[in-house]
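Student: I have a structure open here and would like to talk through some of its helices with you. Could we start from a single residue and work outwards?

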Amino acid sequence: MTTASRPYRGVFPVAPTIFHDDGTLDLDGQRRAIDFMIEAGSHGLCILANFSEQFVLTDAERDEVMKAVLEHVAGRVPVIVTTTHFATHICAERSRRAQDLGAAMVMIMPPYHGATIRVTEAGIERFFRQVSDAISIPIMIQDAPVSGTTLSAAFLARLAREVGQVSYFKIETAQAAAKLRTLLELGGDAIEGPWDGEEAITLLADLDAGATGAMTGGGYPDGIRQIIDPYLAGRRDEAVLAYGRWLPLINYENRQTGLAAAKILMKEGGIIRSDAVRAPLELPHPATRAGLIEIARNLDAAVLRWGR
């Protein structure tokens, strides 16, 4: 049982999947990464997302990471498990397994494959209805460009109103704030969680549009808390100043280092032994790595101190 109650709000960063230098899972490092993220102020966590390199894991490894993390968190914070899969029954089975192990929510992208294989709007609705019928925890729909699937605000609002567990939305598309605003206008109380994504690069605009949660990279939840806490408490001016301070690091992660950022920072801070990503992914150039660390150090980010 998680310690937080619905609606879930605040900072829910994506946890990286930790590997040894040889690319095998490092579950001890994974647990240390999770402990850091919780102690640095995360209201909750997300695992097995794209920023977790979920697409380079076997099904057995996914299950191993999920079980290890949920057991280690042990209800300290809510955990969202990404269960995306093209096949409806597999997504439903993954979601049910996550729920059985203690997940607070599942996050799912619409079904897609490659650059061209897409499902009709009616098919997407059936997909989410069948997954919803299999579980009793909330579904967060991940509306991300990587799927190549256009999900209109009107369609998302209808899913929220008509599909039982669909109630959270992570919006990562262009003009995310405008889409969040329209989604809230059309969906009303059925939208339990309108959330910001994409490493918080649009966080301030999304908060202004009504976002109540942020799913960011995992390297500096303490920094995101400095933005979102005052904003949700009604102190927008304070949030704007904090956003200005942290934006260079947010931007560097978003545009230069991507999913490697959290692991680079965690290794530099002594939290994990290796910042390895799995082939064919590659780590950024050493100069790019140094630029990320420089900005984080100037901000006194907790990630560079926690493991020392």
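Tutor: Let us begin with R158, which lies in helix α5, bearing in mind that this is a predicted model.

Student: Is R158 buried or exposed?

Tutor: R158 falls in between and is classed as partly exposed, because its relative accessible area is 25%, whereas buried would require a value under 20%.

Student: And which residues does R158 touch, leaving out its close sequence neighbours?

Tutor: Not counting residues up to four places away in sequence, R158 touches E121, E125 and V163. As for R126, which is 32 residues apart from R158 along the chain, the C-alpha atoms of the two are separated by 13 Å.

Student: Switching to helix pairs, how do the axes of α3 and α4 cross?

Tutor: The axes of α3 and helix α4, the latter made of residues 121–134, come within 9 Å and cross at roughly 30°. Since angles under 35 degrees count as roughly parallel, α3 and α4 are therefore described as roughly parallel to each other. The crossing of α3 and α4 is right-handed, and the contact is made by T88, C91, A92, S95 and R96 on the α3 side, with F127, Q130, V131 and A134 on the α4 side.

Student: What about α6, what span should it have, and why?

Tutor: Helix α6 covers residues 176–187, so its 12 residues at 1.5 Å a residue should span 16 Å, and the end C-alpha atoms are indeed 16 Å apart, which agrees.

Student: Which residues of α6 are buried?

Tutor: In α6 the buried residues are A176, A177, K179, L180, L183 and G187. They cover an arc of only 160° around the axis, which means that they sit on the same side of α6.

Student: What covers them?

Tutor: The cover over the buried residues of α6 includes the strands β7 (139–143), β8 (166–171) and β9 (193–196), together with the helices α5 (153–162) and α7 (203–208). Just after α6, G188 takes a positive phi of about 55°.

Student: Now α2, how many residues does it have and how far does it reach?

Tutor: Helix α2 (residues 59–73) has 15 residues and reaches 21 Å from its first C-alpha to its last, close to the 21 Å expected at 1.5 Å a residue. Its buried residues are E61, R62, V65, M66, A68, V69, L70 and V73, and what covers the buried residues of α2 includes α1 (27–39), β2 (45–47), β3 (79–82) and α3 (88–101).

Student: And which residue just after α2 has a positive phi?

Tutor: That is A74, with a positive phi of about 50°.

How values were computed:
Residues numbered from 1 in each chain as written. Predicted model: local features only at pLDDT ≥ 70, side-chain atom pairs only at ≥ 80, totals over all residues. Heavy atoms only, no water. Helix = DSSP H or I, 4+ residues; strand = E, 2+ residues; numbered from the N terminus. Expected span 1.5 Å × (residues − 1). Buried < 20%, exposed > 50% of the residue type's maximum accessible area, 1.4 Å probe, protein only. Arc of directions from axis to C-beta. Contact = heavy atoms within 4.5 Å. Axes fitted to C-alpha atoms, helices over the stretch in contact; angles between N-to-C directions. Parallel < 35°, antiparallel > 145°, perpendicular 65-115°, else oblique. Left-handed = near helix turned anticlockwise from the far one by under 90°.
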